[in-house]
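Student: Could you help me take a close look at one spot in this model? I'd like a connected account rather than a list.

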Amino acid sequence: MLYRRGFAALTLVLGLLGGLSPASAEDASREWKPVLDAARGQTVYWNAWGGDSRINAYIDWAGEQVEERFGISLVHVKLTDTAEAVARVLAEKSAGRTEGGAIDLIWINGENFAAMKRNGLLFGPWLERLPNNALTDPANNPDLGLDFGVPVEGLEMPWARARLVFYRDTAVLPEPPATSDALLAWAQENRGRFTYPLPPSFLGTTFLKQILIERAADKSAFYKPVSEGDFAAVSQPLWDYLDQLHPALWRQARSFPKNAGGMRRLMSDGEIDIAFAFSQSEASAGIDSGELPGTVRNYVFDGGTIGNVSFVAIPFNAAHSDAAMVLANFLLSPEAQMRKQDPAHWGSATVLSLGQLKKEEADAFRGLDLGPAALPADKLGAMLAEPHPSWTEALEAEWVRRYGVR
């Protein structure tokens, strides 16, 4: 395959891309041109979550751009769960379909990436082939090299950063509870005014992780496979907490909102006073649409909140891996990352390092209006790393066993 030819030399060249001499920049350009040539005329079948109209519109825009600039067609295969794509690639491998696969690119992270890596379902490594990878300054941003604690090793491309943020109406709750202890005390004094999405929805499970990490005395266990530790003992502080919290929740935890949208609607209807999201832009978008009051603002816990990076990956048997790489490189461009971070289009935080950009590009990012509810970057506090992917399934299964919705 093309990616194997001269790859060692290419890795060395692109590893130094941040300080390229004119000659080495020419070398990198020569290495990338065959990929561009091979990609022209190909169609990328991009499997990506399709549950948000703004994200879908962004992907449509990206498709228009790569078709106009690189002669690549993009088909957005809208998923409700990324595991659907993983299962399809696994089925193709089991059937002996080692090339010409139906999927060219997947928006992925966490346990789905871990499963694909574990089962040999990924193309590459290919990340260091992308000219725009240098703009992420990987040497100084080690979080981009881990996906829920699993080393990326060039098998996927960082696409977006995300952080858990809480939000509340400042006219109703000017001083919100900013620790798990304070949240519990507040909920018990204001019964029925808080809830969280039903696990295993992504945001619901994230809330479980947030509380568990905050309350655990020894956090090292979370960054190893759950099978290597004593799950019952390590997770007990979470269940003790939820046992106290649930009687004070909306509908006394007899039911939960299905997802982030359901929780936001409860805020909009005035049924709860605190909600949360995995994006700084969600509350601002709610204000702009009139769904939330103009006095809603984000806040974070004093000890930090969970954050992660989402990626795009290419299956091992992708029919159009060249076009997938060109599309990925475009998604990592300052233009595409700026549009993605703009709340008017999406509001997803960039993975680029502003120090690697041209001055006018960096200034544009710094000057971007993130919306009325967003916190400045220096007010987001510490980012807590996601636990190893194996913790997700274990926490969800135990939650269902203990609290399965009646």
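In which helix is Arg-402 found?

Tutor: Happy to! This is a predicted model, in which local features need pLDDT of at least 70, side-chain atom pairs count only at pLDDT 80 or more, and totals for chains, interfaces and linings use all residues. Residues are numbered from 1 along each chain as its sequence is written, and side-chain values use heavy atoms, leaving out hydrogens and water.

Arg-402 is found in helix 14 (residues 390–403); helices here are DSSP runs of H or I with at least four residues, strands are E runs of at least two, and both are numbered from the N terminus. With a relative accessible area of 31%, Arg-402 is partly exposed, a class lying between buried (under 20%) and exposed (over 50%), using a 1.4 Å probe and protein chains only. Setting aside neighbours within four places in sequence, Arg-402 is in contact with Gln-236 and Trp-239, where contact means heavy atoms within 4.5 Å.

For a wider view, Phe-166 lies 236 residues from Arg-402 in sequence and 25 Å away in space, C-alpha to C-alpha. The model's largest nonpolar core (buried Ala, Val, Leu, Ile, Met, Phe, Trp, Tyr and Cys residues joined through side-chain atoms within 4.5 Å) has 65 residues. Apart from that core lies another, of 56 residues, and Phe-166 and Trp-399 are among its members.
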